[in-house]
Amino acid sequence: MKTRHLLILSILLICSHASFSQNRQLTLDSCLLLAKQNNADICISRLDIEKARAVKAQVFTKFFPQVSASFMAYHAYNPIIKITPEDIQNTELRESILEAIEDLDIPNDVTEINLMERGLSLGANVVQPIFVGGRIVNGNRLANLGIEASELQAEATQRDILEDIESTFLLVTGLESKVNTVESALYLLDSLHQTVEIAMQAGVITSNDLIRVELKQNEIRASQLQLSNGIVLAKRLLCQQIGIPYNENIELVPELVTDNDIPITISKSSRPEHRLLELNIDAQKLRKRMTIGEALPQIILGGMGNHGNLIKNYKYNTNGLLFVTANVPLSQWWETSHKIKEHNISIRQAEIMRDDLNEKMKLQEQQAYNQMVEASALIATDKKALEMAMENYRLAELNYKAGTVTLTDVLEANTLLLQAENTLTDRQITFATARRRYKDLTNSSTDNKD
């Protein structure tokens, strides 16, 4: 019995989970949160930060000594060098060789020295740059700029992606609102169709009026189908943007524009693009310093150690040495002088680009502000127009039933009502989009102006 109860409970839990997954509701905040986790462009921008940090780690290793190890062994079929005392004509040199043979503890019956017959060597090298024209230090600074630039670029990418997602979200909810508007218009036309049909049966009007109503119904049903197809495409786009599989049962919880408050700027525009333009100039200056460093003297301290014997076959020894090298480029200054001119031009170009883009961004911010103000001002007008259109249709329908106006007037009033409702919906979406854009561009609050 307990097993049966557990089985039933498991089935109910599975069914409830399946129902929840099939009828998922998404708010704007949940869409933005999913996009931060799943959006491909946002994920790629975060990986760009990791790449920049890896580059910095590579450059940082140049501060430390570079250590390498080597091993070599060989065995010749015949000794490459054979020396006997008789081969030496100089008496003093021959006696020195005999003494060397005795020092090597070679048996007395051996009177020949075989060199380079076999050998073994194990070595290690350590090199520490002392001064390389500041290229290591400047390279590390350039890597730090790369990290900061990647972080700023990721911030700008996320901002733009979230703006696009909010626009898509508002597009879907706006289309769904228009579907409701069309359904309301069809409901009114259905009521009108019944009135016209009764009048035609009574012989008051001809069938032409009924045909006009049915044609208007077909026209609105066609627009209803277009809206439904648009909703499907917009939902697919939204799912792709937030990184979830498309499901036709996904429901979006609309966020109605309950106010048209205009945000005010609380601080100077702090868009990441401003800092990116400054970093571009700093990077060009660091590249110039690195180019100058290529023509400066370079000092390197090193050490070498070796154990083995590659020449003699009888005795192994250990040896080591320390060395300092100094390299002073002379003719390279000619080439470097032209490279420096090139970098100076690049720096000037970056400064001109910074000034030009800063002005363009100011214009962009002003344009977003103007769009927001215009939409805010027109929302009130559109609401009044909607109220007038609703009253106009109500009166047209009453007058038609009273016989004081024609059916054409009623259909025209229905069209005006549908247009007024759709215009208000579009205006609210335009205002919400422009307000979000302006806030992102200028770091603004939503407080009312005094």
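**Thr173 and its surroundings**

Select Thr173 together with Leu252 and Pro254: these two residues are the contacts of Thr173 once neighbours within four places in sequence are set aside. The model on display is a predicted one. Thr173 and Pro254 lie 81 residues apart in sequence, yet the distance between their C-alpha atoms is 5.7 Å. Thr173 belongs to helix H5. Its relative accessibility is 11%, so the residue counts as buried, the limit being under 20%.

**Two further positions on H5**

Keep H5 displayed and move to Thr168, which is also found in this helix. Is Thr168 buried or exposed? With a relative accessibility of 6%, Thr168 counts as buried. Show Ala234, Leu237, Leu238 and Gln241 next; Thr168 is in contact with these four, leaving aside neighbours within four places in sequence.

Glu163 is the next residue to select, again in helix H5. Glu163 has a relative accessible area of 10% and is therefore buried. Which residues does Glu163 contact, apart from its neighbours within four places in sequence? They are Arg436, Arg437 and Asp440.

**The largest nonpolar core**

Now turn to the nonpolar cores. The largest has 56 residues, and those touching the most other members are Leu26, Ile165, Leu192, Val196, Ile242 and Leu407. To see where the core is drawn from, colour helices H2 (28–38), H5 (135–201), H6 (207–242), H8 (332–402) and H9 (407–442), the elements that each give two or more residues to it. H5 supplies the largest share, 14 residues. In general terms, nonpolar side chains of soluble globular proteins tend to be buried together.

Centre the view on Leu407. Setting aside residues up to four places away in sequence, Leu407 touches Leu192, Val196, Asp209, Arg212, Val213 and Tyr400. Then select Leu145, Leu152, Leu276 and Leu279, which are among the six residues of a second, separate core.

**H5 against H8**

Display H5 with H8. Their axes come within 11 Å and cross at roughly 10 degrees. The two helices are therefore roughly parallel to each other, as angles under 35 degrees are classed that way. On the H5 side, select Leu188, Ser191, Leu192, Thr195 and Val196; on the H8 side, the residues that they meet are Tyr393, Glu397, Tyr400 and Lys401. By class, the residues of this contact are five nonpolar, two polar and two charged.

**H5 against H3**

Replace H8 with helix H3, residues 40–60. How do the directions of H3 and H5 relate? The packing angle is about 175 degrees and the axes are 9 Å apart. That angle makes H3 roughly antiparallel to H5. The contact of H3 with H5 contains ten nonpolar, eight polar and six charged residues.

**The four-stranded sheet**

Hide the helices and bring up the strands. Four of them form an open sheet in the order S2-S5-S7-S8, paired in the antiparallel sense. As a general matter, strands of a sheet pair through backbone hydrogen bonds, either parallel or antiparallel. Strand S2 (66–75) and strand S8 (317–327) are the edges; each has a single partner strand, so one side of each is left without a neighbour in the sheet. From one strand to the next, the twist averages 15 degrees.

Cross the sheet pair by pair, with one bridge to select at each step:

- S2 and S5 (residues 118–131) pair antiparallel over ten bridges; select Met72, whose bridge partner in S5 is Ser121.
- S5 and S7 pair antiparallel over eleven bridges; select Val127, whose bridge partner in S7 is Gly302.
- S7 (residues 298–309) and S8 run antiparallel and are joined by eleven bridges; select Gly305, whose bridge partner in S8 is Gly320.

**The whole chain**

Finally, restore the full view. The protein has nine helices and eight strands. Of its 450 residues, 34% are buried. Among contacts between residues at least 6 apart in sequence, 85% join residues at least 24 apart. The pair visited at the start, Thr173 and Pro254, is 81 residues apart in sequence.

Technical notes. Residues numbered from 1 in each chain as written. Predicted model: local features only at pLDDT ≥ 70, side-chain atom pairs only at ≥ 80, totals over all residues. Heavy atoms only, no water. Core = buried A, V, L, I, M, F, W, Y, C linked by side-chain atoms within 4.5 Å. Buried < 20%, exposed > 50% of the residue type's maximum accessible area, 1.4 Å probe, protein only. Contact = heavy atoms within 4.5 Å. Axes fitted to C-alpha atoms, helices over the stretch in contact; angles between N-to-C directions. Parallel < 35°, antiparallel > 145°, perpendicular 65-115°, else oblique. Nonpolar A, V, L, I, M, F, W, Y, C, P; charged D, E, K, R; others polar. Pairing = 2+ DSSP bridges.
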